[in-house]
Amino acid sequence: MANHVHTLTAPCAIHISGISIDFSLSEKNVESAEARIGKSSRPIDHIVGKTMRQTFYPPIKISLGDTFSLRLRYKKRFRKSHEDIHLDLDEIPRTSDARQEYRKSHDNIKIVVILAGNTIIDHVEQPGSTSDTTLELQPTTDEIVQICPRFRILVIGKTGVGKSSLINRAFGVHEAIASTHKPGEADIDHEFISPQNDRFVLHDSKGFEPGDEGNVNIVQGFIERRREMSLEDQLHAVWYRFYLDDFVQPVDKIHGRLCFEIPRAGGRLLETGTEEFLALKRSGKLGNIPVVVVFTKYDRFINRVNRTLNESSLVGLSSNAVKELIKNTADAELKEICIGPLEKFAGSDVPHATVSTNKGHAETLARLIQITEERVYKHVAAEASVMTSMAQRVDPGLKIKASIEVGKRRYWKALASCAAFQDRRTSDCLHVLHTDIVRVWNFHDPHGYLCSHEFRTMVVNMVDKLDVGSPINPDRTIAAGLSTVGAVAGILAVLAGPAAPIVLPIVASAVIAKWVYDVYKLSGVVLQRFIAYIVDLTLVLQILHLVSDSQELSRRVIKVAVASYHKSPISGDVHSRIQEYGRTLTLLERADRDTLRKIIELMELYRIDAKEISDVRAQIPTVDPIPDEPW
């Protein structure tokens, strides 16, 4: 007894399993919050109305001597501010009993800290414990978010020509640019953060009007100031938005043909301010900040070209061939009228993208995001490029790419030898993998459905259907030439319509598979299950991206995605390929490299591109999230 002493008066640590912040009674408008423990921080990013909540699993460990505070960022009309609220560890009860709560009120802001059970940590190590297993598994995204919590972008363009619709579609939000300024005015230092997607922060510039070249100095000064800041506050990219009608003006209509004015030799294509800004970028005075020129209203230009085509050139062509002819003709005209002259003036370091915010042209926005992410990775930082992919809600391919980037940093690349997983319960290992993948996809999920016990159980039970070692069933594989979209489109069309509640063959409330509670031990069976969990979850989220279309998630929408994947031949094909991989894996000591390669191979094989997303959305009914249904 004398050798096993509990130090109740001065315990080593407490564990925090959740925090909620209710500012409904406060006059302050809380924009964001984070918990700060020592030198680390954790975002509190589940927002419902005027309440912020965050659950931490595993619980956050706060050791004796650590500082513990909440940083609240407030939004005001023309500026922002922040405040740190200190939470005294001596006031927080330390107990070995079940979950308790610590409450604090500050300026009518109610703060609740939820304590995990068994918060006391003995000074004496328990039998069988090791220093490695007493450390909680931290999601890799925690580190990335701490370094770069948001993708920060400046959009330059004249007022009233589609900047808001561009941002809204690219990042899946509503009214990203709030109407806090008079028409034609913009405060470049003001930060716009949308409650529907807080993974990006927007700065707005009114553009370079004729006779107002002074705004170039404002933009240049802003970029230079941000360049000296930490990665969190640096500017990561600039979109310089042009309306195609600014370049191509109709001047005559003859017999249904629409003629476009092409600048004469020596004529001015760009405004003086625009030329000055691009010259600054070309000369290197703006540093390495990626600048992408964005031409919008591409769909309207396509329609104009369509009306000008000679009908005789369309005779005998299929509908797809006609579309291809129209697109090629439009691209050729754009190259001559504005792309070519712009490239000649701006140089090769300023890429461009022609986009439409029309839902039928999602691939154009995806291309803009891809160009931006590539430039951010090359010229800013890898963390900022991951956050670019997380923030955007157009291209599922970039979500998969970012998931791979996050996975390769720690857990995926060493499933067979990762010391962090050794002697841990399988459920804890799956939990951290699940958290990273869900965070990258960044759905509008204010209720936290994707991190709920019920959804996690669904994914585990899908993996449990993997009959490790059994022969491949040809009826559960995809026929040659059948795309991922083709495999799920018909099923989605049936499930997405108004019908009875979705009944899943994988019941969320069912008893979870026993192997989840086993201690992680390397074997071929374990590797197959982990690969299946990662790939199954990713492909379900890909279908969810297709169905949800950036709307707030409901349980019904999630169940439609799960059921579509489970009923499709894709899930059987994935599991069959994993089984075949397990049979060919003979040397576990080389499994790390092979396992990562197999995960990437399967994700790339079933990836849906943005063009296919547009086509399928046109074929399926919208899933109405209200009224919702239970799991």
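Student: Before anything else, which runs count as helices and strands, and where does the numbering start?
Tutor: Helices and strands are DSSP runs, with at least four residues for a helix (H or I) and at least two for a strand (E), and they are numbered from the N terminus. Keep in mind that this is a predicted model.

Student: OK, so where is Asn442 found?
Tutor: Asn442 sits in the loop between α11 and α12, and its phi is positive, at about 55°, although Asn442 is not a glycine.

Student: What sign does phi have for most residues other than glycine?
Tutor: Most residues other than glycine have a negative phi.

Student: And is Asn442 buried or exposed?
Tutor: Asn442 has a relative accessible area of 10%, and because buried means under 20%, Asn442 counts as buried.

Student: What about the helices on either side, at what angle do the axes of α11 and α12 cross?
Tutor: The axes of helix α11, which covers residues 426-441, and helix α12, which covers residues 453-464, cross at roughly 110° and come within 12 Å. Angles of 65 to 115 degrees count as roughly perpendicular, and therefore α11 and α12 are described as roughly perpendicular to each other.

Student: Which residues make that contact?
Tutor: On the α11 side they are Leu430, His431, His434 and Thr435, while α12 contributes Phe455, Arg456, Val459 and Val460. Sorted by class, the contact of α11 with α12 has four nonpolar, three polar and one charged residues.

Student: Switching topic, what is the phi of Ser550?
Tutor: Ser550 has a positive phi of about 70°, although Ser550 is not a glycine. Its place is in the loop between α14 (524-548) and α15 (555-567), and with a relative accessible area of 18% Ser550 is buried.

Student: Now the strands: where is the place of His203?
Tutor: His203 belongs to strand β12, which spans residues 197-205, and His203 is buried, with a relative accessible area of 0%.

Student: What lies 3.3 Å from a polar atom of the His203 side chain?
Tutor: That is the backbone oxygen of His190. Not counting residues up to four places away in sequence, His203 also touches several others, among them Arg152, Asp189, Glu191, Phe222 and Leu235.

Student: How about Val294, which strand does it lie in?
Tutor: Val294 lies in strand β16, residues 291-296, and at 0% relative accessibility Val294 counts as buried. Its C-alpha is 4.6 Å in space from that of Arg241, although the two are 53 residues apart in sequence. Leaving aside neighbours within four places in sequence, the contacts of Val294 include Leu166, Trp239, Phe242, Ala353 and Leu368.

Student: Ala353 comes up there; what does Ile371 touch?
Tutor: Ile371 touches Val292, Pro351, His352 and Ala353, again not counting residues up to four places away in sequence. Ile371 is found in helix α8, residues 362-379, and is buried at a relative accessible area of 8%. Between Ile371 and His352 the C-alpha to C-alpha distance is 8.4 Å, with their positions 19 residues apart in sequence.

Student: Zooming out, how many helices and strands does the chain come to?
Tutor: The chain comes to 18 helices and 17 strands, and buried residues make up 52% of its 631 residues.

Student: What share of the contacts with a separation of 6 or more comes from residues 24 or more positions apart?
Tutor: Such residues account for 77% of those contacts. As for the outside, the accessible surface of the chain comes to about 28,400 Å², and 51% of that surface belongs to carbon and sulfur atoms.

Terms used
Residues numbered from 1 in each chain as written. Predicted model: local features only at pLDDT ≥ 70, side-chain atom pairs only at ≥ 80, totals over all residues. Heavy atoms only, no water. Buried < 20%, exposed > 50% of the residue type's maximum accessible area, 1.4 Å probe, protein only. Polar contact = N/O pair within 3.5 Å; in protein donor to acceptor, adjacent residues only side chain to side chain. Contact = heavy atoms within 4.5 Å. Axes fitted to C-alpha atoms, helices over the stretch in contact; angles between N-to-C directions. Parallel < 35°, antiparallel > 145°, perpendicular 65-115°, else oblique. Nonpolar A, V, L, I, M, F, W, Y, C, P; charged D, E, K, R; others polar. Areas by Shrake-Rupley, 256 points an atom, 1.4 Å probe, with all protein chains shown as cover.
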